[in-house]
Structure formats: C-alpha cells, structure tokens
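Let's take a walk through a protein together, starting with the spaces inside and ending with single residues. Keep the structure open beside you and turn it as you read.

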Amino acid sequence: MTVAERYEAAKELYAKLGVDTDAALKALSNIPVSMHCWQGDDVSGFEGEAALSGGIQATGDYPGKARNPEELMADIDKALSLIPGKHRINLHANYAIFQAGEQADRDQLEPKHFAKWVEFAKERGLGLDFNPTMFSHPKAANATLSSEVPEIRKFWIDHCKACLCIAQYFAEELGTYCTVNIWIPDGLKDIPGDRMAPRARLKDSLDQILSIDYDRSKVFVAVESKVFGIGFESYTVGSHEFYMNYAAKNDILCLLDNGHYHPTEMVSDKISSMLLFFDKVALHVTRPVRWDSDHVVLYDDETREIAKEIIRGGADRVLLALDFFDASINRICAWVVGMRNMQKALLNALLMPMDRLAKLQEERNFSELMMLQEELKTYPMGAVWDYFCQQNGVPVREGWFEEAMKYEKDVLSKRV
C-alpha cells in the first residue's frame, strides 16, 4: 500500500471514533515547536572556547560539531529539511554574531549583533525566541541576579534588559512574538544559612529588568525554575514556588521544564493547573534520566502525556520549545528525533476522541475509559504521521536518517 492508501484506511478507522484526521493534520501544521540552536554546538556559542558552567554539561565528543555561525545555520537548515511543518528557532544570547574585530560583553549586546539571525529567520519564515545567557561567564562564577555583589548583579540586570530590547527587535522584524526565558544557575552546594536574602535580591533584580519599556504584546517574558543543579544540590534561588508566584503577580509567564523537577514530579500534571490561572504557559520539553540530563526527547509516556495536556488546554496557549544537548550522537539526528517525536506526540493527542474520554470520566465509567485509552495505543497513528510527512515534503519514516548520514559524510566529517 502507498502512504496515501494507508492514510485513507487509517482515516476511516479513526472516523468510527468520531475523529477527523484531516482536521488533526491541519491543527498539527499550526503548532510550531521552537527548536533550540544549542544542540548543534553543545551550548558553546560564539564567544570563544570557555568551558560550560552553571551546572550545565554536554557529554560526548561525536565529530561534526558546528564551530561558527555559518556551520550552525547550515546544520539547522538540514535538520529543518527533515522535520515537517513550520517552526521557530530558540537562541541564547551567547550566539551573538560580531563583525570582524568587534566584541561586546553580554551587558552591552545590541540588536545589531543578531541581525544575521533575523536575516536567516526572515528568509525561511521562522520566528525567533531568546534566552539571556547567565552561565559560562566569569561574572557567573558564584551568582547572577541574586548576587550579593552589587556590580555583579547590575551586570546581569543590564544583560537581561539588553535581551528584552533584542527580543522586541526580533518580534518587530519577523512579525511574530518572541518569548524571552530567564533562567539562572544561582544556588548553593550545601545547606544555606539564609534562604530569604538571595531570593529578595532576585526579586529586586527581576523588578528592575521588567521596569524597562518593552511591548508586552510582542515580547513574552518567562521565568524558569529548577529543583537543583550540579554544584547547587541543596538550594536553588529560583525555585518553582518563587517563579510561579512572581509570574502571577507581575503578569509574565512561568516556564515549566520537565527536567527541572523532582524525578517523581510530572510536568504533564502541572499544565492544566497553570492554564487555569495564566493565559499562557511556556514549556521546555526534554528527557531527564535520573536528573536534569537533557537527553533527546523520545516518543515516551511523559512526552505523550504532556502533548495531551497541550491539546486539551489549547495549543495556542502553550509556548512550546525543546531543550536538550547530546554530544554523544550525530547532532542533526538529535534535533530531528526530538522534534519529530514531539510532533508525533501532538498528533497522537489530536487523534484522540477527547470529548468522549472526558465524558467517560464524568460518568465515572472507568472500565471503558481504560479500555479505550489502551486500544488507542495501537491505532494506526503512524499511517497518519507518514501522510503528514509526505504532505510537507520531508522523508517518511526512517528515510530521513539516510539523508542525515549523507550530510555527515559530505559535511560534518570534514570538520576537524
């Protein structure tokens, strides 16, 4: 059977459940995923060869890492050519592109330092999201926005203010919103003597950052928590409770990263609660293995549950991005596997008879609810996914891998 024939058979089967597969594919094509640039070069950025810090590690030494803007952009192009749909690119501030002989520290960054990224995105019809980079820098050695040293704290406040200006430039140039996500590595290795004072300083820093004039209809500021990090095992200043309350009080977004909680906490269970009290929620999907290890996103149980909650809550209310960095495998493959798996999970959710499942729960008909949810697991979602890939002109099933390996042979293997 051809891809189209298998799709028609699947379409008929889903129709018996009251699911319109054509509508599901149309909805999927309108859900952008923000693909993180830092998978392509192991979070190195373009500032030099400084080692990663702030509890961040990219493990592995697979050949072919992007070494400059041209290589990274080419790799992004290759990855996107193997991923169906239209998406966004998520940048960190340490990916500024300077002219020859020019350099600016992070508190002095300007829109002009990202003009090439805007040109890149505009030519491809992509949106850009942005992140202040408050790690891998001499002034991030101890703390950033919660630092007890006024000069250090001011440096990072100014950096974040600069990032808001750059984000507004992105939004205005590209005609789409820009999410700015603030994450800091501040914390302590052992039991703190004072938990309140660093958080009070962080609150004041955020207040100063948000005091600048920026267009809230174009720039969506988010704050991202973390339960712990390497070297910050006992205390993180930016806890979930801190940021959730700060976001609610200041009308900004709270970002949930499913690697940033206790291993038994499920972000899929948090999304509905957040959407009851926030107009939007920002989300980073990753795969933690025992800790926030940022493995490549798989089509696993939690990714599927997260996708269900995105669809149930309204995909237009969830600003969806991926966040992982694996240096042990082909980096193009890491991007493509992660992005396609996130889309598969969204399609899986779109192909569910959500109203029927909700009604069964309301009726407390848990036997039929369990039965139906289990039977849906073996419905031919793959046939619908293959058709979506074919519609979008990207390889069906594992066909993309051959192209990735050819790119490795022709391009990546020559990077030494």
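Begin with the empty spaces: a search of the whole structure turns up 3 cavities of 30 Å³ or more. Keep in mind as you look that this is a predicted model. Let's pick out the second largest cavity, which has a volume of about 120 Å³. Its lining is made of 17 residues, and the ones closest to the centre are Ser34, Asp129, Thr179, Leu319 and Ala321.

Which strands supply at least two residues each to the lining of this second largest cavity? They are β2 (88-92), β3 (127-131), β4 (178-182), β9 (281-285) and β12 (318-322). Try colouring these strands in your viewer. As for chemical character, the lining of the second largest cavity divides into 9 nonpolar, 6 polar and 2 charged residues.

Now turn to the largest pocket. It holds about 550 Å³ of space. Its lining has 21 residues, and Glu305, Lys308, Arg312, Met352 and Gln373 lie nearest the centre of the pocket. Helices appear in this lining: α9 (301-313), α11 (354-362) and α12 (366-376) each give at least two residues to it. The largest share comes from α11, with 6 residues. Sorted by class, the lining of the largest pocket has 9 nonpolar, 3 polar and 9 charged residues. You can set that beside the second largest cavity, where the lining has 2 charged residues.

Next, step back to see the whole chain. Its secondary structure comes to 14 helices and 12 strands. How compact is the protein chain? Its radius of gyration is 22 Å, and the globule rule gives 22 Å for 416 residues, so the chain is as compact as a globular protein of that length. Along its principal axes, the C-alpha trace spans about 65 × 55 × 40 Å.

Two percentages help to fill in this picture. Buried residues make up 55% of the 416 residues in the chain. Then there are the contacts: among those with a separation of 6 or more, 80% are between residues 24 or more positions apart.

What lies in the interior? The largest nonpolar core has 131 residues, and those touching the most other members are Ile76, Trp117, Phe130, Leu145, Phe170, Leu206 and Leu283. Helix α5 (residues 150-174) gives the most to this core, with 13 residues. There is also a second, separate core of 6 residues, which includes Phe220, Ala222, Leu253 and Ala282.

With the overall picture in place, zoom in on some single residues. Start with Asp75, which lies in helix α3 (residues 69-80). Is Asp75 buried or exposed? Its relative accessibility is 2%, so Asp75 counts as buried, the cut-off being under 20%. Leaving out residues up to four places away in sequence, Asp75 touches Gly64, Ala66, Ile332, Trp335, Tyr407, Leu412 and Arg415.

Two other aspartates are worth a look for their backbone angles. Asp42 is not a glycine, yet it has a positive phi of about 60°. You will find Asp42 in the loop between β1 (34-36) and α3, and with a relative accessible area of 10% it is buried. Asp294 also has a positive phi, of about 50°, without being a glycine. Its place is in strand β11 (residues 291-295), and Asp294 is buried too, with a relative accessible area of 6%.

Finally, visit the loop between β2 and α4 (115-124), where Pro111 is placed. At 26% relative accessibility, Pro111 counts as partly exposed. Although Pro111 and Gln168 are 57 residues apart along the chain, their C-alpha atoms are separated by 9.0 Å. Apart from neighbours within four places in sequence, Pro111 is in contact with Cys165, Ile166 and Tyr169.

Gly101 lies in the loop between β2 and α4 as well. How exposed is Gly101? Its relative accessible area is 89%, and over 50% counts as exposed, so Gly101 is an exposed residue. To end the tour, locate Gly101 and Ser217, which are 116 residues apart along the chain: their C-alpha atoms are separated by 36 Å.

Terms used:
Residues are numbered from 1 along each chain as its sequence is written. This is a predicted model: local features need pLDDT of at least 70, side-chain atom pairs count only at pLDDT 80 or more; totals for chains, interfaces and linings use all residues. Side-chain values use heavy atoms; hydrogens and water are left out. On a 1 Å grid over the protein atoms alone, a cavity is a set of points where a 1.4 Å probe fits but cannot get out, and a pocket is an open set with protein on both sides within 12 Å along at least five of seven lines; lining residues have an atom within 4 Å of a point. Grid points are joined across faces, edges and corners, and a volume is the space filled by probe spheres set on the points. Helices (H or I, at least four residues) and strands (E, at least two) are DSSP runs, numbered from the N terminus. Ala, Val, Leu, Ile, Met, Phe, Trp, Tyr, Cys and Pro count as nonpolar, Asp, Glu, Lys and Arg as charged, and the others, Gly among them, as polar. A nonpolar core is a set of buried Ala, Val, Leu, Ile, Met, Phe, Trp, Tyr and Cys residues joined through side-chain atoms within 4.5 Å. Buried means under 20% relative accessible area, exposed over 50%, partly exposed in between (1.4 Å probe, protein chains only). The radius of gyration is taken over C-alpha atoms; the globule rule is 2.2 Å times the number of residues to the power 0.38. Contact means heavy atoms within 4.5 Å.
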